[in-house]
Every structure is written in C-alpha cells, then in structure tokens.
Amino acid sequence: MPFIDDILKHKSLSIVGTEKNTGKTVCLNYILKRLVEKNKIPAITSIGIDGESLDQVTNTQKPEIELNYNSIFVTSEKHFATKSIDAEILDVSNRKTSLGRLITARAKSKGKLIFSGPPETVWLKEVIKDLTLYKPDIVLVDGALSRKSFGSPSVTDSMILTTGAALSANMQTLVKKTAYLYDLIKLKQWKSDIADTLLGIESGLWAIDDSNNIHDLNIPSVFLLDKAVDNLLEYGNRLFISGVINDKILDKLRIQANIDKTEIIVRDFTRIFAGQNSLNSFLDKGGKIKVLLKTNLMAVCVNPLAPNGFLLDSEKLRTLLNKKLNLPVYDIKKISSEEL
Amino acid sequence: MTLKKYQVRNFREHIKNNKGLRFIFDNLKISSIPGRDYLMECKFLNKPFDIKVELQYLEYTIDFVKNSLSNADIDNLNLRLHQLNSISVTLRDLDKELILDDIQLFEIKKFALLSKSISDILCKKGFDIFQLHDLSGVIELLDPDNTGEASFYIYSSYSKKLSELRKIQQQTHNEDPEKAELIRQHCIEIEDTIRERLSQKLISFARYLKINLDRIAHLDVLIAKSILVNEFNLCKPLIDDNITEYKQVFNPFIKSKLLEQNKEFQAVDISLDQKPVLITGANMSGKTVLLRTLALSQLMFQFGFYVPSKEAKIKIVDDVILSIGDNTNEYNGLSSFAMEILNINDIILKAKSGKIILALVDELARTTNPDEGKALVSAFVSIMEKYKLSTVITTHYSGIKSDCRRLRVKGLKEESSSEKISIKNINDFMDYSLIEVKDDTIPTEAIRIAKILDVDKELIELAKSYLGS
C-alpha cells in the first residue's frame, strides 16, 4: 500500500495525466479505495469540464469515479443529475460553469459519478478552501494538463503525475518527455503580495516594474507578439504571461541584451508549451522562469498500455523513470492485481 | 420622429447610461445576490407615496443599524445575507406547480433556514417595519430528521420502503452490481413520488417564500443604502410639489476623485422652479459637473436614496434627461449636432405629452454656427418656459432673449493672477458658486483659460489681436 500515508500528510492532492489514457482515473480510484480502508474521508473535485463519460479524443470509455459513503464532492449540475449515487446536497454555487452551477454534496451511498469543477484557478482555490469546512482528511483534485483549461492543478499542496505508453510508445522518448515535465514542475516559485492579483488575470502579457506595479503591455497573447516586441521590456525585465509561453517568446527574449536579468512569470508549469531546446537555451543564457503556483510532486504512476493495445515493459519503465526522476514510480494496475 | 411608448426605466437601465449612478452602485455594500437583483429591478419611483415610504424605511434602517445592532449582529446578518442564493427560478417553478428536483428542494430548505435565523435576529432587536413569515412548516417538511442543517436529499426517513431498499442496495452493491442497479431503479421511483409529494405540499408556502425573499432582499438594500449615507454624507431629501432646491450639493464621484489628490470639492447652492435656468460661466468652471450632479441627485432621490447635499427639497419628475453630447453609441452614424437635436426633440415631445421632465442640457447647439445656435437655444428655452418644466441649460452664447432665470458661475477669483494658475491648481482659484444675474451677457475668459493651459503663445497673441480689431 504505497504512498497513501505520504498523501495524508498533505491537505490537498491533484492527480494529473501527461496525456489521456495514462491511468489518471485508475490512480484516483485506487487512492479513494485505499482511503476507505484507512477510514479516511476525502473531498473531491475536478478542474473544469474534463469529465465526459466518453473520452472525446480516443473515443474510449472514460470511467466514472467510484465514491464511498460520506465522501464529499463537488461537481456541476449536469453531472450531478447523471450520478448513480445517493448524495446529500450541502451547497449550490451562485456562479455558473458551462455545465451549470457547482453542487457540493456528501455521498450517502456507494456509487459512481462524473466530475466537473471550477474552470478557473481563483475559483478552484475557493472551492478547495470551502471543501475544508466539511473537515475532510484530504482534498483530491482530478487535474488536467490542458492549455484550454484556466484551472491550475498546482493550487494543491501535492501532486501525482500519471504517464505511460499513451504519451509515447518509445520508452526513451516517454522517459525524456516525463522528465522534462518534472523539470517544469520544479521551477521556482515567485513569491509576492501581488501573486493573487496576477492569478486573477486571464489574458495578456504584463510587465511588473521594480515597485511591483503591473502594466498592461496590450499584447493579448504570445501568439500575437510580432507587432509589439519593442514594448515588451518597456517597464523593466520582469514579465507576467497569463496564458501560455511558447518557443517564440523565449527565442525572442534570449537574443535581447539583458537576457541575464530577464524574468518571466507564469501561472504554473502547465502554461509552458515551449520545447525543451528553447527552454534550455533561454535558461542557459541566464533567463529565469518562475511560477505563481508551485506544488510538490510526490510520485509518478505509469500505465504501460497504450490505447491502441501497445504494451511497454512495466518494470523496465519504472526502473528507468525512477533512476531519471529520483521519485517513487508505481504501476497502479499491477499493484491492484497483486493486492487482489 | 414619433414618441416611443413611454416606459419607466429600472435601476439596471439607468446605471448603464449614468456613470455617477454606476459609481453609487459600485460603492453600495449589498451582501446578497437577491439584494443585488432587487435593486437592479427597482423601478424609477414617481409617486410621492412610494418615495416617502422608501425614504422612511431608510431613515428607520439608519437608526436601527446605528442604535439597535451591535457589530456582531451586523456581521451575523451579513453572513446570512451573503449565503442567500438566487432562488427566484425555483420559486417560479413552484408557482407553476412543477415537481422540484433535489437542488431546488435544497435551495428552498436553505432559504427557509436562513430566513428563520434572519427573522430571529430582527425580532430580537425589535425591527418592526416589516416582518418575515414563519416558514417552520417548510423546514419541518424538508428536515424530517430535525438536524437543522442546510443540506438536503431524499432522506430515508421519508419512506420505510425506501429505507429498506437502500440498505439492500448497499449490501448488494459489491456482490451483485446488476441486482443493485435494479434496486436502485426502484429506489429512484420511490424518490420521485416523494419529490412529487414534497413539491405539492410546498405550493401552499410559495407566497410566503416569495414575500420573505423580497423582504430580505429589500432589507439588504436598505442596510447598504444606510451605510452609504454615512460614507458619503448624504441627506434626507424632502418632497416638494413645486421646486427643487439644494443647499451645498456635491458630486460624490468627483468629490472622491479630488479627495485622492488632497483637493476639496466645492459644493454649491442651486434652486430650480418652473422657469428654465440658463447657466453661463467660464470654461472649466464646473457647469457640466453641475448638470451631472443634478441628474444623479434626482435619480438617487427617485430610487429611494438619500442625496448628496446638506439640505434638499426635490420635485418629483417622470424622467431625467441629461444631454451632455458624449453618448455617441446611441445614435450611431449621426453627427454630434444631429444627436443633440434628437435629444432635445425627445425632451420636447415628452413635455408636449404631459410628462414632467428634469431636462439638463449642456451647451446646446455649440457645434453649429453661433447665429443659428443662439436662435435654437432661444427657441428651446421658450418652449421649456411654456411647458413649465425644470430645465437647466448651460451656454456660452450671449444675447439669449427668452424669458428665463440666469445664473452665472462666479469663475476665477478676482485676486488670482494668471501667472500662479496652472492646469494642476486651477481648482484652487475657481469659485464654483452660482450668482443670479439679470443681463444676458456672458463671461469672457476663454483666452485666459487657454493661456493657463499653457498653449502656444502665438495662438494667444493672435487671438487677442483679432478680438481687439
């Protein structure tokens, strides 16, 4: 029964997949099952509207999450209506997501449910805080690694990353890609009084001067950089990029004179869509990237089976990843079957 | 142009067009969503009785908040108001005798519990302008286990059969999922009949739920209004049948902006009777601000607020029309002159249809040639005089001969020498108060103001020489 005791040391945990079908739901269900055995009560929500019962990318069945009696959960009105579980409603949000208001409830039977949650970070933070009012032993967040999602899985204290053959059928590539993500997760946090203000900003590029004043650079996103590169460093060398960062902006900043004083701040590691080469060149020249939200990666879970049926050697994969990341690596399906 | 069907606009529509009122709204500390909705839907009050009652409620609330409530009581009340959900959709469904779902039943239960605890606080403190209905019948119905908690589902205690089936369903959940699913379907059928029964029983409470929601929302708005009175130093206006008269009227938005720069807003006295008022004064002497302030104050009065002045007597109107010439989006594609004339036409048509209007027009016909402009102003003033409407018009034109009252902003103080004045401190040298004048000449300070603005010297000198010739 690995890592459950470690998990319980944290107030909140997100489970994030590097790709669809890397076993995120299996992992979440496993954790929930173990918590039941320890008589622990979880509170669960999700980021955004990820939860469709059919995975829309691969058309494979997306399993619902199995909840036990007394678990607390948050989901949207739409998914609350399709639940196959008895639940006592505890709260209804005033704000609406595209799937309706968010319902907070307590399970009154065992049963299944599809999760959806707040589509943006500040709201997600509030939901996690409100969930702690019901005194759960831990808050779990079904996370997402999507550039479309405004919700950040890094709002939780800790994180489990799931990876597997769905990300790449080539074991070396898989390890390399996962290790790169881990590098991003380890990026340093930018601590400031204005961090919460920045989290509330949903679009655009912003300059932060030495007195922490925020200036709108009137550039909606890094994809529209061409017109305005001159103004980029108008207020100093610190930039906050509310959306994603890509190769283009890193390459552009790298060739500027004061690259060693340049600091880019992003919401969290999921906002970095730059390739490894661009990022490394940028960092090598002295550029810095910091995140507003940083989380503690506790373990990596692997699913050696790709949706097309291709199977990697589980043990070899775990050994390689463990050596590269220096983190516990588990194959949940294997553990589950061994424990049975 | 024909007159559109006359409709009284509500608060929501008014804040869209009036930045001053928007500022008031932004500073209102309304705790609940129903409270916010209540204010947004408030009609522009034009009956003396309605305004009188709302102002009396507000006066009572100010006293109640100040003398009967402790800070802890206020926090308690705000906490409960803050938890209120907007349940008007649910109440509408209940009214239509539809079957409510669990979320709606939850909303009603939570509301009934909050309503009870708000009522308890108010009763204990002797609040007596309105009472909340007793909803303990609703609570009994939706809280069969008597937990007093604001949560809801179809409790097993509603039905013995349901309770038994649920137990069996849970036992078979792991062993025989198919059987468990069948039992679950059976449970759902029973739950549905319970929802139907609950919904039917709730119908008789629908009226009281609605009344309580309205009253609590109203209370929330009254408390917010009463806090605003202290924050902005507002005064209780008296209703007058004939005239509008302000002592020391001020604009809360501009006052707060000036305060940020450590500057003071100079409040002024003004009275309006049935004669149109023509206001003249130098540029930058606050004529436009005065019009905005009069519009804002009238709106606040007729939405049941206290008003930004030291004393006020106000005549009730059917509508306030403010023509400043900056609402370009409304008549797209028209020149500023065309826009303005259509605005004026609107005022005239309303006046002719017997509506009582407060018409506030800034520099009428300034964008056309002065000869015709002057003629248009004179004509407009004459019509307003004929229909005896409260009208305030600012102008830079001299020689308006129509029958009207004339006020002049005092303007730059006598002793002030131009050298010391700049765009930054002009506020200190301007006397914004109004004086009654008899003649139709106008102050000539345009070149002096231009000089203060530190513009190109050649322009100033040439202008002076043209003026001399």
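Mentor: Rings of Phe, Tyr and Trp (its six-membered ring) pair if their centres lie within 6.5 Å; planes under 30 degrees apart count as stacked, over 60 as edge-to-face and the rest as tilted. This is a predicted model, in which local features need pLDDT of at least 70 and side-chain atom pairs count only at pLDDT 80 or more, while totals for chains, interfaces and linings use all residues; side-chain values use heavy atoms, with hydrogens and water left out. Residues are numbered from 1 along each chain as its sequence is written, and chains are lettered from A and ligands numbered from 1 in the order in which they are written.

Trainee: Which residues do ring pairs link into a cluster in chain B?

Mentor: Over all chains, the structure holds 16 aromatic pairs. One of them joins Phe11(B) and Phe303(B), edge-to-face, at 5.0 Å centre to centre with 85° between the planes. The cluster built by ring pairs consists of Phe11(B), Phe25(B), Phe44(B), Phe303(B) and Phe305(B).

Trainee: How many residues apart are Phe11(B) and Phe303(B)?

Mentor: Helices (H or I, at least four residues) and strands (E, at least two) are DSSP runs, numbered from the N terminus. Phe11(B) belongs to helix α1 (residues 11–17) of chain B, and Phe303(B) to the loop between α13 (287–302) and β5 (311–315) of chain B. The pair links distant parts of the chain, and the separation is 292 residues.

Trainee: Is Phe303(B) buried or exposed?

Mentor: Buried means under 20% relative accessible area, exposed over 50%, and partly exposed in between (1.4 Å probe, protein chains only). Phe11(B), its ring partner, has a relative accessible area of 0% and is buried. Phe303(B) has 3% relative accessibility and therefore counts as buried.

Trainee: Why is the pair of Phe127(B) and Phe130(B) assigned its class, and what is that class?

Mentor: Phe127(B) is buried at 5% relative accessibility, and Phe130(B) is buried at 11%. Because their ring centres are 5.5 Å apart and their planes stand at 70°, the pair is edge-to-face.

Trainee: Which helix gives the largest share of the largest nonpolar core?

Mentor: A nonpolar core is a set of buried Ala, Val, Leu, Ile, Met, Phe, Trp, Tyr and Cys residues joined through side-chain atoms within 4.5 Å. The largest has 149 residues, and those with the most contacts inside it are Ile31(A), Phe11(B), Leu142(B), Leu202(B) and Ile270(B). The largest share, 12 residues, comes from residues 206–232 of chain B, that is, from helix α11.

Trainee: In the sheet of six strands in chain B, which strands stand at the edges?

Mentor: Two strands pair if DSSP finds at least two bridges between them. The sheet is open and mixed in pairing, with the order β6-β7-β8-β4-β9-β10 (chain B). Each edge strand has a single partner, so one side of each is left without a neighbour in the sheet; these strands are β6 (319–323) and β10 (430–437) of chain B.

Trainee: What angle does the direction of helix α15 of chain B make with that of β8(B)?

Mentor: Axes are lines fitted to C-alpha atoms, for helices over the stretch in contact (heavy atoms within 4.5 Å), and angles run from 0 to 180 degrees between N-to-C directions. Strands β7 (residues 357–361) and β8 (residues 390–394) of chain B pair in the parallel sense over four bridges. Helix α15 (residues 370–387) packs on this sheet, touching β4 (277–280), β7 and β8 of chain B, and its angle to β8(B) is about 165°.

Trainee: In β15(A), which residue is the bridge partner of Met159(A)?

Mentor: Seven of the seven residues of strand β9 (residues 158–164) of chain A are buried, so this strand is largely enclosed by the rest of the structure. β9(A) pairs in the parallel sense with β1 (residues 12–17) of chain A over five bridges, and Ser14(A) stands opposite Met159(A). β9(A) also pairs in the parallel sense with β15 (residues 296–303) of chain A over seven bridges, where the partner of Met159(A) is Leu297(A).

Trainee: How far apart in space are Thr22(A) and Gly204(A), C-alpha to C-alpha?

Mentor: Thr22(A) lies in the loop between β1 and α2 (24–37) of chain A and is buried, with a relative accessible area of 2%. Beyond its neighbours within four places in sequence, its contacts include Thr162(A), Thr163(A) and Gly164(A). Gly204(A) is 182 residues from Thr22(A) in sequence, and the C-alpha distance is 32 Å.
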